[in-house]
Amino acid sequence: MNAGLYLHIPFCLSKCDYCDFYSLCANDDTMDAYLAALKKALRFWGSQSADTFDTVYVGGGTPSVFGAGRLTETLDLVRRSFRLTTDAQITVECNPSSVTKELADALSVAGVNRVSLGLQSAVAAERAALGRRSTVRQAETALTLFRNAGIDDLSLDLMLGIPGQTPQSLRESLRFLEGTGVQHVSAYLLKLEETTPLFARRATLSLPDEDTVCDLYLQAANALEQTGLRQYEISNFAVPGFESRHNLHYWLCEPYLGIGPAAHSFLGGRRFYYPRDLRSFLQSDAPVFDCIGGDKAEFCMLRLRLTRGLSDAAFYARFGEHLPKEMFTAAKAFARHGLLTADGDTIALTKNGFLVSNGVIGKLISTL
Ligand code: SF4
């Protein structure tokens, strides 16, 4: 089974008001020091790993802030240190405001074949409410620069449940997405994380209520599917063949190695992570063991996030035993309410099921 490689670039130009990812505003000296530490970690893991990797995902933070030169050096060392498949999907996350022609051309030369851009909304007031810097114009320009550079597997992020968002304003964002012709969209619900400025001013926000958020999710899911982007996971949509193969490693409970502060790994059946601490990573502290991963409950929980669902055949192939009959009995009760389908040996949540996925999945895995 091939593995995925994740590299975390913990730098941003500024912090968005809703963001809880581990990222800092940094200067060139800090980023140079980070590059040195990252290269050391890449050499170490490359010498340890017997795996073949079919995806590389450079996320953050804002990798584009790291700059063309450092990203090129990083990817060059990845190729020299790890065994990559010839068709490896190599993704870099970018913020439209930090994309230049130089960056697009350099990433293309470095073998990047997929780019994921953060935009979240085509409505200026909604982006302002989130504290996002980039504009719709910058997103359009970034897409053009990547296409001109030969990178035409492109993804955009959309956020649902933004303060002030309505079905009408979401329609504007969806129209924009359709117009871009991107092959992949990640549509996430805004979550108010306690450590963020948005959480601190939550009493002043005009957040859509829960019912409206559910309607926004269904509106987005249906509209994206009508434009040919098929839903393949709770929050992800793609033209068939353009799914994020890297993220599929997570949901299929397959191995991945994450390098950088806050990066998590699942390798050799063990889950471990680097602490959310730049200084710790700069001084080459070892990652921290988390737990033994990939048990039956985790396998089922992750697979049920996918529209392809959880099949008895896949479960049997992994664990040498069948899914319990009680799970199918529980599934049939949910199926009567349209929350999932339980055809043959496969249980798969529907769009309505995804809206209440925690409860449905919890009940299903309680039968294990
Ligand atoms: S650009 Fe992304 S990682 Fe950086 S602060 Fe904004 S949401 Fe967080």
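## A tour from helix 9 to the ligand shell

Begin by selecting helix 9 (residues 210-226), whose 17 residues should span 24 Å at 1.5 Å a residue (the expected span being 1.5 Å times one less than the number of residues), and since the end C-alpha atoms are 24 Å apart, the two values agree. Helices (H or I, at least four residues) and strands (E, at least two) are DSSP runs, numbered from the N terminus.

Before going further, note that this is a predicted model, in which local features need pLDDT of at least 70 and side-chain atom pairs count only at pLDDT 80 or more, while totals for chains, interfaces and linings use all residues. Residues are numbered from 1 along each chain as its sequence is written.

Staying with helix 9, colour Leu216, Tyr217, Ala220, Ala221, Ala223 and Leu224, which are buried (20 or more other C-beta atoms, placed from the backbone, within 10 Å of the residue's own). These buried residues pack against several elements, including strand 5 (154-160), helix 7 (167-180) and helix 15 (351-355), where contact requires C-beta atoms, placed from the backbone, to lie within 7 Å. After helix 9 comes Gly228, with a positive phi near 95°.

Next, select strand 14 (residues 340-343), where Leu340 and Ala342 form the covered face and Thr341 and Asp343 the uncovered one. In a regular strand the side chains alternate between the two faces of the sheet. Add strand 15 (residues 346-349), which pairs with strand 14 in the antiparallel sense over four bridges (pairing requires at least two DSSP bridges). These two strands make a hairpin with two residues between them, and Gly344 in the turn has a positive phi of about 55°.

Showing strand 13 as well completes an open sheet of three strands in the order 13-15-14, with antiparallel pairing; strand 13 (310-311) and strand 14 are the edge strands, each pairing on one side only. Centre the view on Ile347 in strand 15, which is the bridge partner of Ala342 and also stands opposite Leu310.

Now colour by domain: the assignment, automatic or from a database, gives domain 1 (3-251) and domain 2 (309-365). Their contact takes five residues from domain 1 and four residues from domain 2.

Finally, select the residues around the ligand, among them Cys12, Lys15, Cys16, Cys19 and Asn95, each with a C-beta atom, placed from the backbone, within 6 Å of the ligand. The shell divides into four nonpolar, six polar and one charged, counting Ala, Val, Leu, Ile, Met, Phe, Trp, Tyr, Cys and Pro as nonpolar, Asp, Glu, Lys and Arg as charged, and the others, Gly among them, as polar.

Definitions and conventions. Contact = placed C-beta atoms within 7 Å. Buried ≥ 20, exposed ≤ 12 C-beta atoms within 10 Å, placed from the backbone.
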